[in-house]
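Here are my notes on this entry, point by point. Please read them with the model open.

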Amino acid sequence: MIQKITQAELDRQQEYVRAFPSLPDRPMTYHIVTYGCQMNVHDSEKLAGILESMGMTAAPTREEADFVLHNTCCIRDNAERKALGNVTWLKEIKKVRPSLLIGVCGCMVQEEGMAEKILRQYPFIDLAFGTGNIHCLPELLYKAAERKGRVVDVPEEQSTLAEGLPVRRGSPWQAYVTIMYGCNNFCTYCIVPHVRGRERSREAKDILRDVEELVKSGTKEIMLLGQNVNSYGKELEGDWNFARLLREVAKTGIPRIRFMTSHPKDLTDELIETIAETPSVQRHFHLPAQSGNDRILRAMNRHYDRAQYLDRVHALRKFVPDIGLTTDLIVGFPGETEAEFMDTMDLVEEVGYDSAFTFIYSPRVGTPAASLPDQIPPEVSTERIERLIKAQDRHTEKCLHSLIGSVQDVLVTETSRRDETMMTGKCGRNISINFTGTKEDLGRILPVRVLSAGRTTLRGEKCLEENKDE
Ligand code: 5AD
Ligand code: SF4
């Protein structure tokens, strides 16, 4: 049963917000360090929103903060090691400044037995909580600040969903909007369903209210977030699915819509047709393949084979010819033979992705694949991923060169750090384009003609046509 966090519980948290003390001479400061995916980045925006509602202000670095919070990721071993290494580093700051409060939260803390392990190994951590109880931060931090002992809250049951939390957004023009939490797919290599719980879709009216507010405040682009957005709405009342949600979101007038992540098994023709008919949905589709080999796909529990994956690719390209495809690929899944790996290499050649995220399989305790025989030695996986990256690099180069001469609508989001006259933004296909401009261009959607291609980015010039969004 999915339960919205009740207003009574949110009100109870508000009492801690009000009671939270500031320091005698100034407000307390915080610094959040985020690891992992966009979901975590957005969780950190909510954590920051809550902390600011408690009267805290952001500190630019960890060294200057009264409270440092590490929002962790556990998708692969290196993500975990990075998070823990940096937490260890905080111990030195705490020696000099014992008043420093240190917290860890997120996916890693939610792993079975991990909270106990972290607290045992890192006695200087004051506060630990999981992924499903972000809304409890006021109470948890209040208790940690009392310094009566360490505060730990990692609920086992992940069936709740909180609405109405404050958010401190990282950008005035781009915003993340979560449409669903959790994942039901249990790919055999993946820890996510174990730490983020079962799929819970937000009600469409709550999502649409958020988007409408963002439109009013001048946001130009939203990214709809979910572990598997294509199965949006399955447990909701009424006839909701992701295609219908996209159509409703488009009606709010938000200029650009993106979404992440899609599962090929749930990619319907209706969704593809909706994308084709909705110009505000950007021409980029991230479609994780994971492998190009049928036996490996079965062992991964992906619920599609290579032919079915390619069928979705062809359908996307048929209905939306200018769409750019990207993917996730894993090499070195247990038992992967050279021939099976070559099927993944071959998939890269056959599809011609704009770009790909490539990963070496990392065994995650508690997932079925971790106990499979024939784990692949690291040197074999490393050699395979190098070949895969090289193959994909050629396609990325080809893709970038194919755009030379075209005019792309770019949402301008950054000024180059080295050169104030160089502006950067992404085109519909999610590729960065640099061009000469001014600070006034920031936050605008401008037509840019592509002049040349680098290794991963494009270079262009502003077209003299009228600005599109004015
Ligand atoms: N090892 C390597 N890569 C993984 N991913 C998920 N779990 C693992 C793992 N155990 C990759 C998948 C997924 C992306 C977010 O991370 O490719 O799509
Ligand atoms: Fe992990 Fe698979 Fe769910 Fe993606 S769909 S989060 S890879 S279990």
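1. Strand β18 spans residues 422–426 and is mostly covered. Four of its five residues are buried. Bear in mind that this is a predicted model.

2. On one side, β18 pairs with strand β17 (residues 407–415). The two run in the antiparallel sense, over four bridges. Thr 415 has Met 423 of β18 as its bridge partner. The link between β17 and β18 is a hairpin through six residues.

3. β18 also pairs with strand β19, residues 432–436. Five bridges join these two, and they too run antiparallel. Here Gly 425 is bridged to Ile 433 of β19. The hairpin of β18 and β19 has five residues between the strands. Within that hairpin, Asn 430 takes a positive phi near 75 degrees.

4. Is Arg 258 buried or exposed? Arg 258 belongs to strand β13, residues 256–260. Its relative accessibility is 7%, so Arg 258 counts as buried, the cut-off being under 20%. Its side chain reaches the backbone oxygen of Cys 427 at 2.9 Å. Not counting residues up to four places away in sequence, Arg 258 touches Lys 426, Cys 427, Gly 428 and Asn 430, among others. Asn 430 is the residue with the positive phi in the hairpin of β18 and β19. The contacts of Arg 258 also include Glu 221, Ile 222, Met 223 and Leu 224, as well as Gln 282 and His 284.

5. Turn next to the nonpolar interior. The largest nonpolar core has 53 residues. Those with the most contacts inside it are Ile 222, Leu 224, Tyr 232, Phe 242 and Phe 285. Helix α9 (residues 242–251) gives the most to this core, with six residues. Another core, of 29 residues, lies apart from it; Tyr 35, Ile 93, Leu 119 and Phe 124 are among its members.

6. Phe 242 deserves a look of its own. Leaving aside its neighbours within four places in sequence, Phe 242 is in contact with Leu 224 and Tyr 232. Its other contacts on that count are Ile 179, Val 229, Asn 230, Phe 259 and Leu 271.

7. Which residues surround ligand 1? They are Ile 75, Arg 76, Tyr 189, Gln 290, Asp 328, Ile 330, Phe 359, Ile 360, Tyr 361, Ser 362 and Arg 364. A nitrogen atom of the ligand is 3.0 Å from a polar backbone atom of Tyr 189. An oxygen atom of ligand 1 is 2.6 Å from a side-chain N or O atom of Gln 290. For Asp 328, a side-chain N or O atom is likewise 2.6 Å from an oxygen atom of ligand 1.

8. Tyr 189 is also listed around ligand 2. The other residues there are Cys 183, Asn 185, Phe 186, Cys 187, Cys 190, Val 192, Pro 193, Gln 227, His 263 and Arg 302. By class, this shell has seven nonpolar, three polar and one charged residues.

9. Last, Glu 340 in helix α13, residues 338–351. Its relative accessible area is 10%, so Glu 340 is buried. Beyond its neighbours within four places in sequence, Glu 340 is in contact with Asn 293, Arg 295, Ile 296 and Gly 335.

Conventions:
Residues are numbered from 1 along each chain as its sequence is written. Chains are lettered from A and ligands numbered from 1 in the order in which they are written. This is a predicted model: local features need pLDDT of at least 70, side-chain atom pairs count only at pLDDT 80 or more; totals for chains, interfaces and linings use all residues. Side-chain values use heavy atoms; hydrogens and water are left out. Buried means under 20% relative accessible area, exposed over 50%, partly exposed in between (1.4 Å probe, protein chains only). Contact means heavy atoms within 4.5 Å. Two strands pair if DSSP finds at least two bridges between them. A residue is near a molecule or strand if one of its heavy atoms lies within 4 Å of it. Ala, Val, Leu, Ile, Met, Phe, Trp, Tyr, Cys and Pro count as nonpolar, Asp, Glu, Lys and Arg as charged, and the others, Gly among them, as polar. A nonpolar core is a set of buried Ala, Val, Leu, Ile, Met, Phe, Trp, Tyr and Cys residues joined through side-chain atoms within 4.5 Å. A polar contact is a pair of N or O atoms within 3.5 Å; within protein, one must be able to donate a hydrogen and the other to accept it, and residues adjacent in sequence count only if both atoms are side-chain atoms.
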